[in-house]
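I opened this entry to look up how the helices of one chain pack against each other and what lines its main pocket. My notes follow in the order in which I looked things up.

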Amino acid sequence: MTHPSLPADLLAVLASLEAPADLDRVFSDLLSPAETETLRERWAIIKRLDEGASQRVVAAEVGTSVTTVSRGARQLKYGEGGFRMALDRAASLASAAAAED
């Protein structure tokens with residue numbers, strides 16, 4: 001099944017926003033509270049899996065089903081590479097922030 005692409009103009013706008021607070025405002029208007037919670041949950045799952053936690057441990061920590069965590073694990077391993085890119089960027093940003101301290 002092909003995943004639908006987001007509109008190019010929306011992606012361009014999101015990419016142009018540099019301040020996290022600006023992105024948060026856009027996502028607050030764009031997403032429902034349930035969609036925001038799903039996004040938060042998915043990010044928590046991916047980060048913990050990348051740290052090496054087992055799917056069962058992640059499910060217990062995040063408060064979700066092992067099936068949901070398994071879906072995240074599949075995307076991390078076989079997806080488009082977006083999670084890997086985001087995780088690498090997050091690590092790079094954390095490293096740069098630590099170097100500034």
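Before listing any residues that meet across two helices, I fixed the term: contact means heavy atoms within 4.5 Å. I also note at the outset that this is a predicted model.

**Overall layout**

I began with the secondary structure, and the protein chain comes to six helices and zero strands, so I expect to write about helix pairs throughout these notes. The order along the sequence reads α-α-α-α-α-α. For the extent of the protein chain I noted that its C-alpha trace spans about 40 × 35 × 25 Å along the principal axes.

**α4 against α5**

I took the pair of α4 and α5 next, since two packed helices are described by the angle between their axes and the distance between the axes. Helix α4 covers residues 55-62, and its axis lies 9 Å from that of α5 at an angle of about 120 degrees. That angle makes α4 oblique to α5, and the crossing of the two is right-handed. Which residues of α4 meet α5? I found Q55, R56, V58 and A59 on the α4 side, and they meet V66, V69, S70 and A73 in α5. Sorted by class, the residues of this contact are five nonpolar, two polar and one charged.

**α3 against α5**

I then turned to α3 and α5, whose axes come within 9 Å and cross at roughly 65 degrees. The two helices are therefore roughly perpendicular to each other, and their crossing is right-handed. From α3 I listed E41, I45, I46, L49 and D50, which meet T68, V69, G72, A73 and L76 in α5. The residues of this contact divide into six nonpolar, two polar and two charged. I noted that V69 and A73 are named in the contact of α5 with α3 and are named again in the contact of α5 with α4.

**A closer look at T68**

I picked out T68, which is found in helix α5. Leaving aside the neighbours within four places in sequence, what is T68 in contact with? The partners I found are E41 and I45, and both of these belong to α3. I also looked up the separation of T68 from A99, which is 31 residues away along the chain, and the C-alpha atoms of the two are separated by 35 Å.

**α3 against α6**

For α3 and α6 I recorded axes 11 Å apart and a packing angle of about 75 degrees. That makes α3 roughly perpendicular to α6. On the α3 side R42, W43, I46, K47 and D50 take part, and they meet F83, R84, A86, L87 and A90 in α6. By class, the residues of this contact are six nonpolar, no polar and four charged. I46 and D50 are listed here against α6, and I had already written both down against α5.

**The largest pocket**

Last, I looked at the largest pocket, which holds about 2500 Å³ of space. Its lining counts 42 residues, and those nearest its centre are F27, L39, W43, F83 and A86. The elements that give two or more residues to this lining are α1 (8-16), α2 (20-30), α3 (33-50), α5 (66-78) and α6 (82-100). Which helix gives the largest share of the lining? I found that α3 does, with nine residues. By class, the lining has 21 nonpolar, eleven polar and ten charged residues. I closed the entry by noting that W43, F83 and A86, which lie among the residues nearest the centre of the pocket, are also named in the contact of α3 with α6.

Notes. Residues are numbered from 1 along each chain as its sequence is written. This is a predicted model: local features need pLDDT of at least 70, side-chain atom pairs count only at pLDDT 80 or more; totals for chains, interfaces and linings use all residues. Side-chain values use heavy atoms; hydrogens and water are left out. On a 1 Å grid over the protein atoms alone, a cavity is a set of points where a 1.4 Å probe fits but cannot get out, and a pocket is an open set with protein on both sides within 12 Å along at least five of seven lines; lining residues have an atom within 4 Å of a point. Grid points are joined across faces, edges and corners, and a volume is the space filled by probe spheres set on the points. Helices (H or I, at least four residues) and strands (E, at least two) are DSSP runs, numbered from the N terminus. Ala, Val, Leu, Ile, Met, Phe, Trp, Tyr, Cys and Pro count as nonpolar, Asp, Glu, Lys and Arg as charged, and the others, Gly among them, as polar. Axes are lines fitted to C-alpha atoms, for helices over the stretch in contact, and angles run from 0 to 180 degrees between N-to-C directions. Angles under 35 degrees count as roughly parallel, over 145 as roughly antiparallel, 65 to 115 as roughly perpendicular and the rest as oblique. A crossing is left-handed if the near helix is turned anticlockwise from the far one by less than a right angle, and right-handed if clockwise.
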